[in-house]
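Hi everyone, thanks for making time for this one. Have a look at the structure on the screen, and I'll walk you through a few of its features.

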Amino acid sequence: MRVSVLRIALLALLIAVALQAKVDHVEVSWSGTVLNGKAFGSAGAYEALRGTIHFVVDPDDHANDQIVDI
């Protein structure tokens with residue numbers, strides 16, 4: 001499970017860079033196997049995750065001027 005959480009966190013970080021935001025923390029509320037743990041080549045089995053990624057933005061950064069109510 002730890003590898004999957006790291007992959008999700010990395011994806012969130014990449015999204016945050018594009019949006020001028022920072023990942024504050026990740027909450028995983030549920031995890032389960034995909035296709036009963038079937039392996040997909042060298043990647044191995046996949047895991048489904050459900051949760052919330054919390055972002056923070058700097059309201060004084062001009063890149064965030066289009067975001068309202070912060």
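Let's begin at a tyrosine: Y46 is partly exposed, because its relative accessible area is 41%. For the cut-offs, buried means under 20% relative accessible area, exposed means over 50%, and partly exposed is in between, with a 1.4 Å probe and protein chains only.

Before going on, a word on what you are looking at: this is a predicted model, where local features need pLDDT of at least 70, side-chain atom pairs count only at pLDDT 80 or more, and totals for chains, interfaces and linings use all residues. Residues are numbered from 1 along each chain as its sequence is written, and side-chain values use heavy atoms, with hydrogens and water left out.

Back to the tyrosine. Which residue forms an aromatic pair with Y46? A search of the whole structure turns up one aromatic pair, and F40 is the partner of Y46 in an edge-to-face arrangement, 5.1 Å centre to centre with 70° between the planes. Rings of Phe, Tyr and Trp (its six-membered ring) pair if their centres lie within 6.5 Å; planes under 30 degrees apart are stacked, over 60 edge-to-face, and the rest tilted. F40 is partly exposed too, with a relative accessible area of 31%.

Another ring worth a look is W30. The charged end of R50 sits over that ring, 5.0 Å from its centre. The criterion is NZ of Lys or CZ of Arg within 6 Å of the ring centre and within 35 degrees of the ring normal.

Now the overall layout. The chain has one helix and two strands, in the order α-β-β along the sequence. Helices (H or I, at least four residues) and strands (E, at least two) are DSSP runs, numbered from the N terminus. Of the 70 residues in the chain, 10% are buried. The accessible surface is about 5600 Å², and carbon and sulfur atoms hold 58% of that; areas come from the Shrake-Rupley method with a 1.4 Å probe, and for residues only the protein chains shown count as cover. Among contacts (heavy atoms within 4.5 Å) with a separation of 6 or more, 50% join residues 24 or more positions apart.

Let's take the strands in turn. A21 belongs to strand 1, residues 21–33, and A21 counts as buried because its relative accessibility is 17%. The C-alpha atoms of A21 and V56 lie 5.6 Å apart, with their positions 35 residues apart in sequence.

Strand 2 covers residues 47–57 and includes I53, which is partly exposed at 31% relative accessible area. I53 joins I8 and F55 in a nonpolar surface patch of about 210 Å². E47 is also in strand 2 and is partly exposed, at 23%. E47 and S4 are 43 residues apart along the chain, yet their C-alpha atoms are separated by 6.7 Å.

Last stop, the loop. Where does L35 lie? L35 is in the loop between strand 1 and strand 2, and N36 is found there as well. Most residues other than glycine have a negative phi. L35, not a glycine, has a positive phi of about 55°, and phi of N36 is near 55°, also positive. L35 is exposed, with a relative accessible area of 56%, and N36 counts as exposed at 79%.

That's my tour, so over to you for comments!

Notes
Patches are made of residues with over 30% relative accessible area and no salt bridge: like charges are joined within 9 Å, nonpolar side chains (Val, Leu, Ile, Met, Phe, Trp, Tyr) within 5 Å. A salt bridge is a side-chain nitrogen of Lys or Arg within 4 Å of a carboxyl oxygen of Asp or Glu.
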